[in-house]
Amino acid sequence: AGSDLSVPDGCSNLTTTQTCPVACADGYAGEPAEFECTASGELAGVAPRCTPLVCEDAAPDTGALSIVK
């Protein structure tokens, strides 16, 4: 999986007809998808199209910043 995808650890040991949810990783937007382990032992599905989230302001107003410790 690419760095833009979030694949649960349990997806590596699926058996026939079991499914695995695949979503966009934190910091990316897109619709989740589901993959299924087929009778031939391959995962079938279409990976989500994930796009990076864009920050609203390139240079935030320092008066609006809050520092979290």
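## Surface and overall make-up

About 5500 Å² of the chain is exposed, and carbon and sulfur atoms supply 52% of that area. Please keep in mind that this is a predicted model. Of the 69 residues in the chain, 17% are buried.

What secondary structure does the chain hold? The count is zero helices and six strands, so read from the N terminus the elements go β-β-β-β-β-β. As for contacts with a separation of 6 or more, 22% of them link residues 24 or more positions apart.

## The open sheet

Four strands come together in an open sheet, in the order S1-S2-S4-S5, with antiparallel pairing. At the edges are strand S1 (5–6) and strand S5 (43–44), each of which pairs on one side only.

Let's walk across the sheet, beginning with S1. This strand pairs with strand S2, residues 19–24, through two bridges in the antiparallel sense. Here Leu5 sits opposite Cys24 of S2, and Ser6 faces Ala23 in S2.

Next along, S2 and S4 run antiparallel and are joined by four bridges. Pro21 stands opposite Glu34 in S4, while Thr19 is placed opposite Glu36 in S4.

The last pairing is that of S4 with S5, again in the antiparallel sense and over two bridges. Glu36 has Ala44 of S5 opposite, so Glu36 is flanked by Thr19 in S2 and by Ala44 in S5. The hairpin of S4 and S5 has five residues between the strands, and in it Gly41 takes a positive phi near 85 degrees.

## Two faces of S4

Which residues of S4 lie on its covered face, and which on its uncovered one? Ala33, Phe35 and Cys37 form the covered face, whereas Glu34 and Glu36 form the uncovered one. The two glutamates are also the S4 partners named above: Glu34 is opposite Pro21, and Glu36 is opposite Thr19.

## The nonpolar core

In soluble globular proteins, nonpolar side chains tend to be buried together. The largest nonpolar core in this model has nine residues: Leu5, Cys11, Leu14, Cys20, Val22, Cys24, Phe35, Cys37 and Cys50. S2 and strand S4 (33–37) each supply at least two of its residues. Which strand gives the largest share? That is S2, with three residues. Phe35 and Cys37, from the covered face of S4, are members of this core as well.

## Leu5 and Cys24 up close

Leu5 is a good residue to click on in your viewer. It lies in strand S1 and belongs to the largest nonpolar core. Leaving aside neighbours within four places in sequence, Leu5 is in contact with Val22, Ala23, Ala25, Ala47, Pro48 and Cys50. Cys50 is 45 residues away from Leu5 along the chain, yet the C-alpha atoms of the two are separated by 7.3 Å.

Cys24, the residue opposite Leu5, is another member of the core. With neighbours within four places in sequence again left out, Cys24 is in contact with Asp4, Ser6, Ala29, Gly30, Pro48, Arg49 and Cys50. Pro48 and Cys50 thus appear among the contacts of Leu5 and among those of Cys24.

Key:
Residues are numbered from 1 along each chain as its sequence is written. This is a predicted model: local features need pLDDT of at least 70, side-chain atom pairs count only at pLDDT 80 or more; totals for chains, interfaces and linings use all residues. Side-chain values use heavy atoms; hydrogens and water are left out. Contact means heavy atoms within 4.5 Å. A nonpolar core is a set of buried Ala, Val, Leu, Ile, Met, Phe, Trp, Tyr and Cys residues joined through side-chain atoms within 4.5 Å. Buried means under 20% relative accessible area, exposed over 50%, partly exposed in between (1.4 Å probe, protein chains only). Accessible areas come from the Shrake-Rupley method with a 1.4 Å probe; for residues, only the protein chains shown count as cover.
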